[in-house]
Amino acid sequence: MNLTGAVAVVTGGGTGIGRAVARSLAAAGAEVAVTYAHSAAEAKATAAEIGALAVPLNVGDETQVRAAAHRVLRELGRVDVLVNNAARTHAVEHADLDGLTDAMWHEILDVNVVGPYRCVRALAPALRAARGAVVNVSSISAYRAGGSSIAYGVSKAALLQLTRNLAAALAPEVRVNAVAPGTVDTRWQTSLHGESGFATRRAAEEPQIPLGRVATPEHVAQAVLGLLTMDDVTGETIIVDGGKHVRY
């Protein structure tokens, strides 16, 4: 895929990994629509920086998904790329089974699994017409018993199976792949652990990483753009964690 002149939608594109992906797509020559549910100021700032369209969107709401899809198609004319990055979690210790409520489960699964499906479903005709590509942002928590909560890890594992199913369902017109980042230096981490807490975790983790560093959002964006340009790859996942997974 040649990204010059392509139109890309990045959900949760205002901060962190989403922002890095949006910036990288714009640098590659794509027109970008940055969606946001909560970080309105950051999303609008990102959009202004790269000349993108900022679109409010809660991927847990089917009506909003359809409206956002229609707006992007109306204003940008087509969609070649969808990056499903928007996600939700609740920090609950894995041993605290009662602390992880049914409401938390439903919210996490709705945003992290059904949300990407809603976005693909709404944009599937445009993606098929463009012979486009989808990249889902999963997590290393899909592979191991870690992460912010059991529900989060389960949702990210389900997203990988959704990736495989959609790769088959949308072939041959649309390719669907995923990235699974390990620890990434973003606001997501500091919101979960605090500045000092994340610094402590990072100092303990980096000696265990073969490449010796925690990933940046830009590292994940490199993997996303790589998958977008791999024209004969679909249904696959790239782990972005500096090789730490080989030592788990």
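Is Leu228 buried or exposed, and what is its relative accessible area? In this predicted model, Leu228 has a relative accessible area of 0% and is therefore buried, since buried means under 20%.

**Leu228 and the largest nonpolar core**

Leu228 belongs to helix H8, which covers residues 217-228. When residues up to four places away in sequence are not counted, the contacts of Leu228 are Met1, Leu3, Leu25, Val81, Ala133, Val135 and Arg175. His70 lies 158 residues from Leu228 along the chain, and the C-alpha atoms of these two residues are separated by 23 Å.

Leu228 is also a member of the largest nonpolar core, which has 31 residues, and is listed with Val10, Val21, Leu25, Val83, Val179 and Val224 as touching the most other members. The elements that give two or more residues to this core are the strands E1 (7-10), E2 (31-36), E4 (81-84) and E5 (133-137), together with the helices H1 (16-27), H2 (40-50) and H8. Of the contributing elements, H8 gives the most, with seven residues. Val21 touches Val10, Val83, Ala221, Val224 and Leu225, again leaving aside residues up to four places away in sequence. Separate from this core there is a second one of 30 residues, which includes Leu57, Leu82, Ala122 and Leu162.

**Strand E4 and its neighbours**

What covers the two faces of E4? Val81 and Val83 are buried on one side, while Leu82 and Asn84 are buried on the other, and both faces of the strand are covered. In general, the side chains of a regular strand alternate between the two faces of the sheet. Val83 is among the residues that touch the most other members of the largest nonpolar core, whereas Leu82 is included in the second core.

E4 is paired with two strands, E1 and E5, and these pairings can be taken in turn. E1 and E4 run parallel and are joined by three bridges, with Ala8 having Val81 as its bridge partner in E4. E4 and E5 are likewise paired in the parallel sense, over four bridges, and here Val83 stands opposite Val135 of E5. Val81 and Val135 also appear among the residues that Leu228 touches.

**Cavities**

How many cavities of 30 Å³ or more does a search of the whole structure find? The search finds two, and the table sets out their volumes and linings.

| Cavity | Volume | Lining by residue class | Element giving the most |
|---|---|---|---|
| Largest | about 70 Å³ | eight nonpolar, one polar, no charged | H3, four residues |
| Second largest | about 30 Å³ | five nonpolar, four polar, no charged | H4, four residues |

The largest cavity is lined by Val9, Thr35, Leu57, Val65, Ala68, Ala69, Val72, Cys119 and Leu123. Helix H3 (62-76) and helix H4 (102-130) are the elements that give two or more residues to this lining. Leu57, one of the lining residues, is also included in the second core.

The second largest cavity is lined by Thr11, Val59, Asn84, Asn85, Ala86, Val111, Gly115, Pro116 and Cys119. Cys119 therefore takes part in both linings, having in each case an atom within 4 Å of a cavity point. Asn84, which lines the second largest cavity, is one of the buried residues of E4, on the side that also carries Leu82.

Methods: Residues are numbered from 1 along each chain as its sequence is written. This is a predicted model: local features need pLDDT of at least 70, side-chain atom pairs count only at pLDDT 80 or more; totals for chains, interfaces and linings use all residues. Side-chain values use heavy atoms; hydrogens and water are left out. On a 1 Å grid over the protein atoms alone, a cavity is a set of points where a 1.4 Å probe fits but cannot get out, and a pocket is an open set with protein on both sides within 12 Å along at least five of seven lines; lining residues have an atom within 4 Å of a point. Grid points are joined across faces, edges and corners, and a volume is the space filled by probe spheres set on the points. Ala, Val, Leu, Ile, Met, Phe, Trp, Tyr, Cys and Pro count as nonpolar, Asp, Glu, Lys and Arg as charged, and the others, Gly among them, as polar. Buried means under 20% relative accessible area, exposed over 50%, partly exposed in between (1.4 Å probe, protein chains only). Contact means heavy atoms within 4.5 Å. A nonpolar core is a set of buried Ala, Val, Leu, Ile, Met, Phe, Trp, Tyr and Cys residues joined through side-chain atoms within 4.5 Å. Two strands pair if DSSP finds at least two bridges between them.
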